[in-house]
Amino acid sequence: MAIKKRSRGSKNPEHGSYLLKVFKGIHPDCSIARDAMWVVDGIVADFQARLIAKSLKAAAEEGKSTLKGKHAQCATQALLSGELRTHAVTNGVRALTKYT
């Protein structure tokens, strides 16, 4: 009987390479520690999960099973506030019009 190895998880954060590109674009001369990257990655993953759940809830309220841009926009407006909300919605709409 073979013994299965337990999988440990990833050695690198899930969104680490993308976050590093954003950080380097803002502050090219600064770096971030691996532990700090894990914390930021956890925050991003948590927000992503909340955004997906809220989007699915908005779609379900309309009786739809397919997510659309308006569901993501509704969820973003519900989860964020102030200038961050405006910036996120603007960039999201721009991305959707660019790729559709």
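A crossing of two helices is left-handed if the near helix is turned anticlockwise from the far one by less than a right angle, and right-handed if clockwise. With that in hand, the helices of this predicted model can be taken in turn.

The overall plan is easy to state. The protein has 4 helices and 0 strands, and reading from the N terminus the elements go α-α-α-α. Out of 100 residues, 14% are buried. As for contacts with a separation of 6 or more, 40% of them join residues that sit 24 or more positions apart.

Helix 3 and helix 4 make a good place to start, as the opening definition applies here: helix 3 goes past helix 4 in a right-handed crossing. Helix 3 covers residues 69-79 and helix 4 covers residues 82-99, and their axes come within 10 Å of each other, crossing at roughly 170 degrees. Angles over 145 degrees count as roughly antiparallel, so helix 3 is roughly antiparallel to helix 4. On the helix 3 side, the residues that meet helix 4 are Gly 69, Gln 73, Thr 76 and Gln 77. Their partners in helix 4 are Arg 85, Ala 88, Val 89, Val 93 and Leu 96. Sorted by class, this contact holds 4 nonpolar, 4 polar and 1 charged residues.

Moving back along the chain, helix 2 is next. Its 28 residues should span 40 Å at 1.5 Å a residue, and the C-alpha atoms at its ends are indeed 40 Å apart, so the two values agree. Which residues of helix 2 are buried? They are Met 37, Asp 41, Ser 55, Ala 58 and Ala 59, and these buried residues pack against helix 1 and helix 3. Just after helix 2 comes Gly 63, with a positive phi of about 80 degrees.

How does helix 2 lie against helix 3? The two axes come within 8 Å and cross at roughly 125 degrees. That angle makes helix 2 oblique to helix 3: it falls outside the ranges for roughly parallel, roughly perpendicular and roughly antiparallel, and the rest count as oblique. The crossing of helix 2 past helix 3 is right-handed. Helix 2 brings Phe 47, Arg 50, Leu 51, Lys 54, Ser 55, Ala 58 and Ala 59 to this contact, while helix 3 brings His 71, Ala 72, Cys 74, Ala 75, Thr 76, Ala 78 and Leu 79. By class, that comes to 9 nonpolar, 3 polar and 2 charged residues.

One residue of this contact is worth a closer look. Ala 75 sits in helix 3, and its relative accessible area is 0%, so Ala 75 counts as buried. What does Ala 75 touch, leaving aside its neighbours within four places in sequence? Its contacts are Leu 51, Lys 54 and Ser 55. Ala 75 can also be paired with Ile 52: 23 residues separate the two in sequence, yet from C-alpha to C-alpha they are 8.0 Å apart in space.

At the other end of the story is helix 1. The axes of helix 1, residues 16-26, and helix 2, residues 34-61, come within 10 Å and cross at roughly 105 degrees. Because angles of 65 to 115 degrees count as roughly perpendicular, helix 1 is roughly perpendicular to helix 2. Gly 16, Leu 19, Leu 20 and Phe 23 make the contact from helix 1, and Met 37, Val 40, Asp 41 and Val 44 make it from helix 2. The classes here are 6 nonpolar, 1 polar and 1 charged.

Two residues help to fill in the picture around helix 1. Phe 23 lies in helix 1. Is Phe 23 buried or partly exposed? With a relative accessible area of 32%, Phe 23 is partly exposed, since buried means under 20%. Not counting residues up to four places away in sequence, Phe 23 touches Pro 28, Ile 32, Met 37 and Val 40. Met 37 is itself among the buried residues of helix 2.

The second residue, His 15, is found in the segment before helix 1. Its relative accessibility is 14%, so His 15 counts as buried. Setting aside residues up to four places away in sequence, His 15 is in touch with Asp 41, Val 44, Ala 45 and Gln 48. Asp 41 and Val 44 also belong to the contact that helix 1 makes with helix 2.

Key
Residues are numbered from 1 along each chain as its sequence is written. This is a predicted model: local features need pLDDT of at least 70, side-chain atom pairs count only at pLDDT 80 or more; totals for chains, interfaces and linings use all residues. Side-chain values use heavy atoms; hydrogens and water are left out. Axes are lines fitted to C-alpha atoms, for helices over the stretch in contact, and angles run from 0 to 180 degrees between N-to-C directions. Angles under 35 degrees count as roughly parallel, over 145 as roughly antiparallel, 65 to 115 as roughly perpendicular and the rest as oblique. Contact means heavy atoms within 4.5 Å. Ala, Val, Leu, Ile, Met, Phe, Trp, Tyr, Cys and Pro count as nonpolar, Asp, Glu, Lys and Arg as charged, and the others, Gly among them, as polar. Buried means under 20% relative accessible area, exposed over 50%, partly exposed in between (1.4 Å probe, protein chains only). The expected span of a helix is 1.5 Å times one less than its number of residues.
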